[in-house]
Amino acid sequence: ATEFKRAKEILEGAGASVILVNNVHSKIITIDDTVIIQGSFNWLSASRVMNEFQREESSILYKGKLVSAFIQKAISPIKSKAIS
């Protein structure tokens, strides 16, 4: 939890918008309106040390001018569940 809070502070300090929600497994990262990374990997809190309890997590990157509409469809329901 401490690492997450610190990572969130660093990202927000750099100008990123971080939206935290409960009960959503997929994690989404967007860059402008041309890149979206979506998947199950916990970017802010995943262990970076290999051990026998780690699961295979993955994310897929989509990019290009046509991604903008996909980003809006993915982000809109997430924003409505945001935790303050």
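**Exercise 1. Find which strand β2 is joined to by five bridges, then place that pair in its sheet.**

Start with β2, which covers residues 35-39. Five bridges tie β2 to β3, and the two strands run antiparallel. Keep in mind as you look that this is a predicted model.

Now pick out one pair of residues. Gly39 sits opposite Ser59 of β3.

Next, step back to the whole sheet. It's an open one made of three strands in the order β1-β2-β3, with antiparallel pairing. The strands at the edges are β1 (27-31) and β3 (59-63), each of which pairs on one side only. From one strand to the next, the twist averages 15°.

**Exercise 2. Work out which helix lies across β1, β2 and β3, and at what angle to β2.**

Look for the helix spanning residues 67-79: that's α2, and it lies across β1, β2 and β3. Compared with β2, α2 runs at about 50°.

Then see what is packed together. The largest nonpolar core has five residues: Ile36, Val67, Ile71, Ala74 and Ile75. Helix α2 gives the most to this core, with four residues. As a rule, nonpolar side chains tend to be buried together in soluble globular proteins.

Finally, zoom in on Ile71. Setting aside residues up to four places away in sequence, Ile71 touches Thr30, Asp32, Asp33, Thr34, Val35 and Ile36.

**Exercise 3. Track down the two salt bridges and say how accessible their partners are.**

There are two salt bridges to find. One links Glu9 with Arg6, with the closest N and O atoms 3.4 Å apart. Both residues lie in helix α1 (residues 2-13), three residues apart, or about one turn of the helix.

For the other, go to Lys8 and Glu12, whose side chains meet at 2.9 Å, N to O. Lys8 and Glu12 are also in α1, four residues apart, again about one turn.

Now check accessibility. Glu9 has a relative accessibility of 48%, so it counts as partly exposed. Arg6 is partly exposed too, at 48%. Lys8 has a relative accessible area of 22%, which makes it partly exposed, and Glu12 gets that label at 36%.

**Exercise 4. Compare the reach of α1 with the expected span, then see what comes just after the helix.**

Helix α1 has twelve residues. From its first C-alpha to its last, α1 reaches 16 Å, close to the 16 Å expected at 1.5 Å a residue. Just after α1 comes Gly15, which takes a positive phi of about 105°.

**Exercise 5. Decide whether Asp32 and Ser40 are buried or exposed.**

Begin with Asp32, found in the loop between β1 and β2. Its relative accessibility is 65%, and since exposed means over 50%, Asp32 counts as exposed.

Check the backbone of Asp32 as well. Asp32 has a positive phi of about 50° although it isn't a glycine. For context, most residues other than glycine have a negative phi.

Move on to Ser40, in the loop between β2 and β3. Its relative accessible area is 15%, and the cut-off for buried is under 20%, so Ser40 is buried.

To see what surrounds Ser40, leave aside its neighbours within four places in sequence: Ser40 is in contact with His25, Lys27, Glu57, Ser58 and Ser59. Ser59 is the residue from Exercise 1 that stands opposite Gly39.

Terms used. Residues numbered from 1 in each chain as written. Predicted model: local features only at pLDDT ≥ 70, side-chain atom pairs only at ≥ 80, totals over all residues. Heavy atoms only, no water. Pairing = 2+ DSSP bridges. Axes fitted to C-alpha atoms, helices over the stretch in contact; angles between N-to-C directions. Contact = heavy atoms within 4.5 Å. Salt bridge = Lys/Arg side-chain N within 4 Å of Asp/Glu carboxyl O. Buried < 20%, exposed > 50% of the residue type's maximum accessible area, 1.4 Å probe, protein only. Core = buried A, V, L, I, M, F, W, Y, C linked by side-chain atoms within 4.5 Å. Expected span 1.5 Å × (residues − 1).
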